[in-house]
Amino acid sequence: MTERTFSIIKPDATRRNLTGKVNAVIEDAGLRIVAQRRIRMSEAQAKTFYEVHAERPFYGELVEFMTSAPVVVQVLEGENAVARYREVMGATNPAQAADGTIRKLYAESVGENSVHGSDSLENARIEIAQFFTDADIVG
Ligand code: GDP
């Protein structure tokens, strides 16, 4: 089934000028970037986005990191895009990520791990709507 998922190229990657390299891995995996915008996330946006982690000990650090430099928010489209992108990203901790994944190639640590991808179709819809309108997405 053709799906859309939400992606963020995180501050550690934009800081190191890796946007194009991350996008190449995404496109080589057969996913299409159908919307993309470089933004500086506000503290309010980052807090809302990661609300499910509000009680975790790293929440403050995560919000600080996500607002520390620009991010690139994206909508990716393709066959089983949600699960496919999770595969392409690799495990949360780069030390455990499989060869060829974005996190294995580029992530610096479990916190500064280069990319976000939605973990379900329902969350993809919610996350896309936080940053894009239908008119922004050109499939
Ligand atoms: P994901 O779905 O693979 O991104 O992983 P999670 O939903 O478990 O965590 C969300 C994000 O929180 C991760 O991508 C990391 O940026 C951050 N994070 C997760 N675990 C840790 C941790 O132990 N320490 C820190 N500093 N950040 C973490």
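**Exercise 1. Find the residue in S3 that is the bridge partner of Ile 8, and describe how S1 is paired.**

Step 1. In strand S3, the bridge partner of Ile 8 is Val 73. The model is a predicted one, in which local features need pLDDT of at least 70, side-chain atom pairs count only at pLDDT 80 or more, and totals for chains, interfaces and linings use all residues. Residues are numbered from 1 along each chain as its sequence is written, and side-chain values use heavy atoms, with hydrogens and water left out.

Step 2. S1 and S3 run antiparallel and are joined by 8 bridges; two strands pair if DSSP finds at least two bridges between them, and strands (E, at least two residues) and helices (H or I, at least four) are DSSP runs numbered from the N terminus.

Step 3. S1 also pairs with strand S4 (residues 115-117), in the antiparallel sense over 3 bridges, and here Ile 9 stands opposite Val 115.

**Exercise 2. Decide why S1 is largely enclosed by the rest of the structure.**

Step 1. Buried means under 20% relative accessible area, exposed over 50%, and partly exposed in between (1.4 Å probe, protein chains only).

Step 2. Because 6 of the 8 residues of S1 are buried, S1 is largely enclosed by the rest of the structure.

**Exercise 3. Describe the largest nonpolar core.**

Step 1. A nonpolar core is a set of buried Ala, Val, Leu, Ile, Met, Phe, Trp, Tyr and Cys residues joined through side-chain atoms within 4.5 Å.

Step 2. The largest has 21 residues, and those with the most contacts inside it include Phe 6, Ile 8, Val 73 and Phe 131.

Step 3. Its largest share, 5 residues, comes from H4.
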